[in-house]
Amino acid sequence: QSQLVESGGDRVQPGGSLRLACAASGFSLDDAAINWFRQTPGKESEEGIACIYTTVSGGNYTDSMDDRFTVSRDNAKNTVYLRMHSLMPEDTATYYCAAKKWAKFCTKGNIFGRRHIYDYWGQGTQVTVSS
């Protein structure tokens, strides 16, 4: 059974850092477009914040909506990471990763009504930024 599992969410103080992980089983993340999303309380839709996929030439394409967020991948562990620093209270959210096999695209902003374009979603990991 193919699935994604996020981990690494925690409660941190403002200014802190976290590294979230998205581990895949049943398929290779190297063959998929991986997007990180987050959903904050009260918002209807998840927001795409960072992504990674393998380019035609075999390199990594990464993109992020915020310079504080960096996405990377460890093919040996079949895991994608989201490193976040200088966290602020408004970063408090449930963070999800999603994968679309054989794709090369990123989703930025709200995905409202388009969740189905991804083949797999993780269960989410909670990040709370509070003093």
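These legends accompany several views of a predicted model, starting with the whole protein and then moving in.

**View 1. The whole protein is built from strands, with 0 helices.**
Welcome to the overview. The protein has 12 strands, and reading from the N terminus every element is a β: β-β-β-β-β-β-β-β-β-β-β-β. Measure along the principal axes and the C-alpha trace spans about 45 × 30 × 25 Å. The radius of gyration is 14 Å, which agrees with the value near 14 Å that a compact globule of 131 residues would have.

**View 2. Inside and outside: burial, surface and contacts across the 131 residues.**
How many of the residues count as buried? Of the 131, the share is 47%. On the outside, the protein exposes about 6,600 Å², and carbon and sulfur atoms supply 46% of that area. As for contacts, take the pairs of residues at least 6 apart in sequence: 61% of these contacts join residues at least 24 apart.

**View 3. An open sheet of 4 strands, in the order β1-β3-β8-β7.**
Here it helps to follow the strands one by one, in sheet order. The pairing is antiparallel. Which strands sit at the edges? They are β1, residues 3-7, and β7, residues 69-74; each of these pairs on one side only. On average, neighbouring strands of the sheet are turned by 20° against each other, with direction ignored.

**View 4. A closer look at β7 and its partner β8.**
Strand β8 covers residues 79-84. Between β7 and β8 there are 6 bridges, and the two strands pair in the antiparallel sense. To find your bearings in this pair, look for Asp-74, which stands opposite Thr-79 in β8.

**View 5. Ala-99 in strand β9 and the residues around it.**
Strand β9 runs over residues 93-101, and Ala-99 lies within it. Is Ala-99 buried or exposed? Its relative accessibility is 0%, so Ala-99 counts as buried, the cut-off being under 20%. Which residues is Ala-99 in contact with, leaving aside neighbours within four places in sequence? They are Leu-4, Phe-27, Ala-32, Ala-33, Ile-34, Tyr-118, Asp-119 and Tyr-120.

**View 6. Ala-99 and Gly-15, a pair to locate together.**
If you would like a distance to check on screen, try this one. Ala-99 and Gly-15 are 84 residues apart along the chain, and their C-alpha atoms are separated by 29 Å.

How values were computed:
Residues numbered from 1 in each chain as written. Predicted model: local features only at pLDDT ≥ 70, side-chain atom pairs only at ≥ 80, totals over all residues. Heavy atoms only, no water. Pairing = 2+ DSSP bridges. Axes fitted to C-alpha atoms, helices over the stretch in contact; angles between N-to-C directions. Rg over C-alpha atoms; globule rule 2.2 N^0.38 Å. Buried < 20%, exposed > 50% of the residue type's maximum accessible area, 1.4 Å probe, protein only. Contact = heavy atoms within 4.5 Å. Areas by Shrake-Rupley, 256 points an atom, 1.4 Å probe, with all protein chains shown as cover.
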